[in-house]
Amino acid sequence: MTTKRDYYEVLSVDRDAADDQLKSSYRKLALNYHPDKNPGNKEAEDKFKEASEAYEVLRDSQKRKIYDQFGHKGLEGSGFSGFSGFEDIFSSFGSIFEDILGFSTGRRSRSQTQRGADLRYDLTLDFMQAAFGTETQIDLQKMEVCPSCKGNSCEPGTYQETCSLCSGTGQVSRNQGFFTVRTTCPHCHGNGQSIPHPCKGCKGNGQVMVNKKVSVKIPAGVDSGSRLRLTGEGEGGAYGGPPGDLYVFINVEPHEFFQRDNTDIHCQTEISFIQAALGARISVPTLNSKKTLEIPKGTQPGDLFLFRNNGIPSLRTGRRGDQIIQILIKTPTNISKKQASLLREFDKIENSKLSSKLKNILKGGSAKRG
Ligand SMILES: [Zn+2]
Ligand SMILES: [Zn+2]
């Protein structure tokens with residue numbers, strides 16, 4: 001493969017060009033063909049890569065020596081094979097690249113990128129939504145990377161420049177008596193770059209406040225205190241950094257009939273003392289609709305019955321807990337004369353056998369229950 005152009009020709013410099021000549025020639029080409037200025041332009045991309053490769057070789061005295069003697073072939077033999085893509089170029093040049101071009105490329109070295117902040121959102125669900133899962137939209141106000149400048153804070157077509165006050169070091173020195181005090185540069189606030197034309201879209205912040213609707217899938221079985229993480233839905237990162245995450249904190253509203261205990265649900269249902277004594281079939285609400293419960297005769301207040309697998313699905317296994325039904329027994333009020341006389345009759349027959357508790361109820365005594 002000898003389709004590669006001569007590196008000196010690429011940079012339009014003489015074979016004995018000095019370092020600063022190489023640098024200024026490359027700077028001119030790089031500014032001209034920079035991918036940020038020529039999005040989607042394949043020819044500019046190739047030229048940019050070609051110039052970067054030529055400069056990468058010629059600025060390095062050892063590589064330049066090999067190239068001068070053996071040409072492209074010699075470099076291939078020494079392990080240098082050009083750049084595969086932009087990432088390669090930017091990672092190879094690192095800060096030197098910014099130094100040469102005098103502006104941030106928007107592809108800063110990784111150490112300078114900043115991950116976006118994590119966000120917290122408190123979401124209240126009703127009991128059934130938590131039990132069976134749901135999909136809901138939440139409205140978020142958050143900072144995102146400015147769509148106009150892509151976060152580099154410069155008006156499109158303009159670039160950051162090395163801060164003139166601190167020459168890009170981010171610090172300034174001041175003599176104070178015998179001492180030299182170094183402080184953060186007041187002009188660039190320490191980042192070494194200044195922005196001559198701040199982006200109008202974000203006033204140079206690189207980020208803008210946006211209102212965003214985020215769709216959240218709530219899995220069945222969440223409970224108060226559950227926390228969902230939505231990767232990448234936090235605030236936008238700075239200087240090309242990744243966005244933060246969104247944490248949704250779940251709060252579940254109580255239900256008027258069911259109380260939750262992990263995956264089990266508890267409820268109470270009232271029956272009459274006649275039903276308790278004689279047995280009955282009653283209808284009990286369940287999470288899905290309702291079910292018939294067989295009450296055996298002689299059921300006592302507080303007795304517990306179970307609907308297996310009618311509770312809430314486990315977040316981890318999906319297996320449902322149980323529904324536990326506690327029986328309350330209602331004492332009749334406003335009974336008629338006839339009912340009263342029947343009960344007295346009943347009392348007479350059963351008196352000796354009845355529990356002291358039921359005796360109390362029959363006398364309209366103190367065992368009142370809501
Ligand atoms: Zn902007
Ligand atoms: Zn400065």
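**View 1. Gly237 and the residues around it.** In this predicted model, setting aside residues up to four places away in sequence, Gly237 touches Gln114, Arg115, Gly116, Val145, Gln207, Pro242 and Pro243. Gly237 sits in the loop between E8 and E9. Its relative accessibility is 5%, so Gly237 counts as buried, the cut-off being under 20%. Thr113 is a nice one to pick out here: Gly237 and Thr113 are 124 residues apart in sequence, yet their C-alpha atoms are 7.5 Å apart in space.

**View 2. Asp245, from the loop between E8 and E9.** This loop runs between strand E8 (227-230) and strand E9 (246-252), and Asp245 is part of it. Is Asp245 buried or exposed? With a relative accessible area of 7%, Asp245 is buried. Its side chain makes a polar contact of 3.2 Å with the side chain of Arg115. A polar atom of the Asp245 side chain also lies 2.9 Å from the backbone nitrogen of Gly232. Not counting neighbours within four places in sequence, the contacts of Asp245 include Ala117, Asp118, Leu119, Arg229, Leu230, Thr231, Glu233 and Gly234.

**View 3. The largest nonpolar core.** Zoom in here and you're looking at a core of 20 residues. Those with the most contacts inside it are Ile271, Ile282, Val284, Leu293, Ile295, Ile325 and Ile327. Which elements each supply at least two residues of this core? They are helix H6 (127-132), helix H7 (273-278) and strands E11 (264-272), E12 (280-285), E13 (290-295), E14 (304-307) and E15 (323-330). There's also a second, separate core of 17 residues, with Tyr8, Val10, Ala51 and Leu75 among them.

**View 4. Ile325 up close.** What does Ile325 touch, leaving out residues up to four places away in sequence? The list is Cys267, Thr269, Val284, Leu293, Asp303, Leu304, Phe305 and Phe307. Two of these names, Val284 and Leu293, also appear with Ile325 among the core residues with the most contacts.

**View 5. A sheet with open edges.** Follow the order E10-E11-E15-E14 and you've walked across an open sheet of 4 strands with mixed pairing. Strand E10 (259-261) and E14 are the edge strands, each pairing on one side only. From one strand to the next, the twist averages 35 degrees.

**View 6. Where E14 meets E15.** These two strands run antiparallel and are joined by 4 bridges. For a landmark, look for Leu306, which stands opposite Ile324 in E15.

Note on methods
Residues numbered from 1 in each chain as written. Chains lettered and ligands numbered in written order. Predicted model: local features only at pLDDT ≥ 70, side-chain atom pairs only at ≥ 80, totals over all residues. Heavy atoms only, no water. Core = buried A, V, L, I, M, F, W, Y, C linked by side-chain atoms within 4.5 Å. Buried < 20%, exposed > 50% of the residue type's maximum accessible area, 1.4 Å probe, protein only. Contact = heavy atoms within 4.5 Å. Pairing = 2+ DSSP bridges. Axes fitted to C-alpha atoms, helices over the stretch in contact; angles between N-to-C directions. Polar contact = N/O pair within 3.5 Å; in protein donor to acceptor, adjacent residues only side chain to side chain.
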